[in-house]
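Here is a short report on helix packing and aromatic contacts. Please read it alongside the structure shown below.

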Amino acid sequence: MNKVFERPKSLKNTPFRYCPGCGHSLIHRLIAEVIDELYIQKRVVGIAPVGCAVFAYDYFDFDMIEVAHGRPPAVATGIKRVQKDTIVFSYQGDGDLAAIGTAEIIHAANRGENITVFFVNNATYGMTGGQMAPTTLPNQKTTTTQSGRDISITGYPLHVSELLSNIEGVSFIARGSVDSSKNLIITKGYIKKAFLYQIEEKGFSMVEILSPCPTDWWMTPEKAIEWMHENMMKTYKLGILKDKFSN
């Protein structure tokens, strides 16, 4: 008997229009499934900035707010402090969170804001043409590093999760991936814990999710997954980086 995968209630009945092989649709589904399982759909407010994340309001079936580039943590802070029973999350790409929003994310974490952040890392600026991002790997080719990223000029990849894990106000930091069925299951568990920690008022939590971008990597979806295994996951190690309340 074939299993029928029903669409989560927290997703609208709208076909995804992301590029073939993009990880955003998978991440949307994981978030929506967790929200349904926790019965919090009517309490949730999601926040998305500029970038491919901007389309989130077309797919999530709860309140979504679009904000200026890099500013989701600030808006999330305001909403959560005014409406403490609201479950607030931001959904941000690496160009947004790790570049223009670096100060925002660091200070929200340092204040221990009781919010949840989902950080989608595809090592490039996805929407605007595939330029180098702070997370771009050494020697990785982008539209602005066509000979490969030169660390002597542009520095090293920014490990945001490792950086935030050293901040006292942070309760939970983990890095997952959407490259395989196994890692989808593990990442969903991280997403659930991040939401639960907010519900339990334990403070700031973030899940970084490695995601392919075949279009801006100039690869087929299959080759993009291979590239993740051979390159990206060696730079950005998967797992839990901080769990303040683990036994």
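In this predicted model, helix H1 (residues 24–37) and helix H7 (residues 181–199) have axes that come within 9 Å of each other. The axes cross at roughly 50 degrees. The two helices are therefore oblique to each other. Their crossing is right-handed.

Which residues make the contact between H1 and H7? From H1 come Leu26, Leu30, Ile31, Glu33, Val34, Ile35 and Glu37. From H7 come Leu184, Thr187, Lys188, Ile191, Lys192 and Phe195. Sorted by class, the contact of H1 with H7 has eight nonpolar residues, one polar and four charged.

Pro8 sits in the segment before H1. Is Pro8 buried or exposed? Its relative accessible area is 7%, and Pro8 is buried because the cut-off is under 20%. Leaving aside residues up to four places away in sequence, Pro8 touches Arg29, Ala32, Glu33 and Asp36. Glu33 also belongs to the contact of H1 with H7. Pro8 and Phe118 are 110 residues apart in sequence. In space, their C-alpha atoms are 18 Å apart.

Now the aromatic rings. The structure holds 14 aromatic pairs. A pair of aromatic rings is described by the distance of the centres and the angle of the planes. Two of the pairs are set out here.

| Pair | Centre to centre | Angle between planes | Geometry |
|---|---|---|---|
| Phe60 and Phe89 | 5.9 Å | 80 degrees | edge-to-face |
| Phe118 and Phe195 | 5.4 Å | 70 degrees | edge-to-face |

The pair of Phe60 and Phe89 links distant parts of the chain. Phe60 is in the loop between strand E1 (44–48) and strand E2 (63–66). Phe89 is in strand E3 (residues 87–93). The two residues are 29 residues apart. Phe60 is buried, and Phe89 is buried too.

What does the pair of Phe118 and Phe195 tie together? Phe118 lies in strand E4 (residues 116–121) and Phe195 in helix H7, so the pair joins parts that are 77 residues apart in sequence. Phe118 and Phe195 are both buried. Phe195 has a further role in this picture: Phe195 is one of the H7 residues in the contact with H1.

Which residues do ring pairs link into a cluster? The cluster holds Phe60, Phe62, Phe89, Phe118 and Phe195. Both tabulated pairs thus fall within it, with Phe60 and Phe89 alongside Phe118 and Phe195.

Notes
Residues are numbered from 1 along each chain as its sequence is written. This is a predicted model: local features need pLDDT of at least 70, side-chain atom pairs count only at pLDDT 80 or more; totals for chains, interfaces and linings use all residues. Side-chain values use heavy atoms; hydrogens and water are left out. Axes are lines fitted to C-alpha atoms, for helices over the stretch in contact, and angles run from 0 to 180 degrees between N-to-C directions. Helices (H or I, at least four residues) and strands (E, at least two) are DSSP runs, numbered from the N terminus. Angles under 35 degrees count as roughly parallel, over 145 as roughly antiparallel, 65 to 115 as roughly perpendicular and the rest as oblique. A crossing is left-handed if the near helix is turned anticlockwise from the far one by less than a right angle, and right-handed if clockwise. Contact means heavy atoms within 4.5 Å. Ala, Val, Leu, Ile, Met, Phe, Trp, Tyr, Cys and Pro count as nonpolar, Asp, Glu, Lys and Arg as charged, and the others, Gly among them, as polar. Buried means under 20% relative accessible area, exposed over 50%, partly exposed in between (1.4 Å probe, protein chains only). Rings of Phe, Tyr and Trp (its six-membered ring) pair if their centres lie within 6.5 Å; planes under 30 degrees apart count as stacked, over 60 as edge-to-face and the rest as tilted.
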